[in-house]
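Please consider the following model from its overall dimensions down to individual residues. The explanation proceeds from the whole chain to its interior and then to selected positions.

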Amino acid sequence: MTHNVQPKIAMINDISGFGRCSITVSLPVISQLQVQCCPLPTSIFSNHTGYDSFYMEDFTHQMVPYIEEWQKLNLHFDGICTGFLSSVEQIDIVSSFIRSFKTRDTIVIVDPVMGDDGAPYSTYTDEMCQKMVELVRHADIITPNLTEACILTGTPYHAGCTLREIRQIAEKLAGLGPSRIVITGISQKRYIANLVYVKDTGFCIRRTHCIGTERAGTGDIFSAIIAADAVNRVPFADSVSRASAFIKRCVSESIARNVPVTDGVCFEEILHTLRPKRNRI
């Protein structure tokens, strides 16, 4: 008997019971795109850290025995997708997981959740930043924002980066190994732009109009669509465009329903509009 009859993604991230983010949003999105989502939790939260209080259980010491059970089942993954990692030990565990489970046909997607607004998160040490560079070397696809792209490449951050400068940063990222890169959330007056790089194809820009304000979980939805589309062999630039468009619809729906910003986006009502595409060989 084999457990490998469906395409599947190992999703390595935390779980929040309330406040739509991380695996809580990735799992239904990936499932909607007709790929099996297999969660590997890094931490378990009652609700995400944007609220005044929360309960958290660190899952670091359970990750290795959890992974060993997957190895006993001889699971094969079409995609491996990583999100927020909270320690050097977790990054090392994930790097080992990729080395163990990656095959010639496995696509590794790293969302290097490290910082924003020009600075790393307060929990991120210099050692963790360097470890994340090593993790990125395993990736086929990465989805950093501009702050994270600067940290990974050792480039000084400034809010007024030109597209030419951002392209140069993307070229440095490609030098680390990924063949597909999207630098997300670039502010352009009334637009939010994503700079897309594909090896042997080059660069393009994908834009959407700004609406509302930043909400929890939108990056997790974005990377989930990118991951499932990659497994389904959807062209990368097309995937970036439809991920951005779907998030814009989610934000619009959330504003219309007066959903608090901390609660993320109410994607449930419009999830059916996210249609699976397949170009599998």
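**From global fold to single residues**

The accessible surface of the protein chain amounts to about 13,100 Å², and carbon and sulfur atoms contribute 51% of it. The model under discussion is predicted, and every value given here is computed from it.

The secondary structure consists of eight helices and eleven strands. Along the principal axes, the C-alpha trace of the protein chain extends over about 55 × 45 × 40 Å. How does the radius of gyration relate to that of a compact globule? For 281 residues, such a globule would have a radius of gyration near 19 Å, and the 18 Å of the protein chain therefore agrees with that expectation. The contact statistics add a topological view: among contacts with a separation of 6 or more, 68% join residues 24 or more positions apart. Half of the chain is also shielded, in that 50% of the 281 residues count as buried.

The charged side chains comprise 27 positive and 29 negative ones. The centres of these two sets lie 11 Å apart.

The interior may be considered next. In soluble globular proteins, nonpolar side chains tend to be buried together. In this model, the largest nonpolar core contains 47 residues, of which Trp70, Phe77, Ile80, Phe97, Met132, Leu173 and Ile183 touch the most other members. Helix α3 (residues 88-101) supplies the largest share of this core, with seven residues. A second core, separate from the first, has 38 residues, including Val35, Val198, Ala224 and Ile226.

Ile80 gives a closer view of the packing. Which residues does Ile80 touch, when those up to four places away in sequence are not counted? Its partners are Ala10, Ile12, Phe97, Ile98, Phe101, Lys102, Thr106, Ile107, Val108 and Ile109.

Two residues deserve attention for their backbone geometry. Most residues other than glycine have a negative phi. Ser22, although not a glycine, has a positive phi of about 55°. Ser22 is placed in the loop between β1 (8-18) and α1 (23-32). Is Ser22 buried or exposed? Its relative accessibility is 2%, so Ser22 counts as buried. Asp200 likewise is a residue other than glycine with a positive phi, here near 70°. The loop between β10 (191-198) and β11 (202-209) holds Asp200. With 77% relative accessibility, Asp200 is over the 50% limit and therefore counts as exposed.

Several helical positions show how local environment varies. Ser244 belongs to helix α8 (residues 236-256). Because its relative accessibility is 10%, Ser244 counts as buried. Beyond its neighbours within four places in sequence, Ser244 is in contact with Asn194, Thr208 and Phe222.

Cys129, in helix α4 (residues 126-136), is buried because its relative accessible area is 10%. Not counting residues up to four places away in sequence, Cys129 touches Met114, Tyr124 and Ile151. The C-alpha atoms of Cys129 and Leu152 are separated by 7.2 Å, with their positions 23 residues apart along the chain as the sequence separation.

Gly175, by contrast, is situated in helix α6 (residues 163-176) and has a relative accessible area of 64%, so this glycine is exposed. Measuring from C-alpha to C-alpha, Gly175 and Ser43 are 31 Å apart in space, and 132 residues apart in sequence.

The last position lies in a strand. Asp116 is part of strand β6 (residues 115-116). Why does Asp116 count as partly exposed? Its relative accessibility of 27% falls between the limits of 20% for buried and 50% for exposed, which means that partly exposed is the applicable class. Leaving aside neighbours within four places in sequence, Asp116 is in contact with Tyr121, Asn145, Thr147 and Glu214. His158 is 42 residues from Asp116 in sequence, and the two C-alpha atoms are 12 Å apart.

Technical notes: Residues are numbered from 1 along each chain as its sequence is written. This is a predicted model: local features need pLDDT of at least 70, side-chain atom pairs count only at pLDDT 80 or more; totals for chains, interfaces and linings use all residues. Side-chain values use heavy atoms; hydrogens and water are left out. Helices (H or I, at least four residues) and strands (E, at least two) are DSSP runs, numbered from the N terminus. The radius of gyration is taken over C-alpha atoms; the globule rule is 2.2 Å times the number of residues to the power 0.38. Buried means under 20% relative accessible area, exposed over 50%, partly exposed in between (1.4 Å probe, protein chains only). Contact means heavy atoms within 4.5 Å. Accessible areas come from the Shrake-Rupley method with a 1.4 Å probe; for residues, only the protein chains shown count as cover. Lys and Arg count as positive and Asp and Glu as negative; His and the chain ends are not counted. The place of a charge is taken as NZ of Lys, CZ of Arg, CG of Asp or CD of Glu. A nonpolar core is a set of buried Ala, Val, Leu, Ile, Met, Phe, Trp, Tyr and Cys residues joined through side-chain atoms within 4.5 Å.
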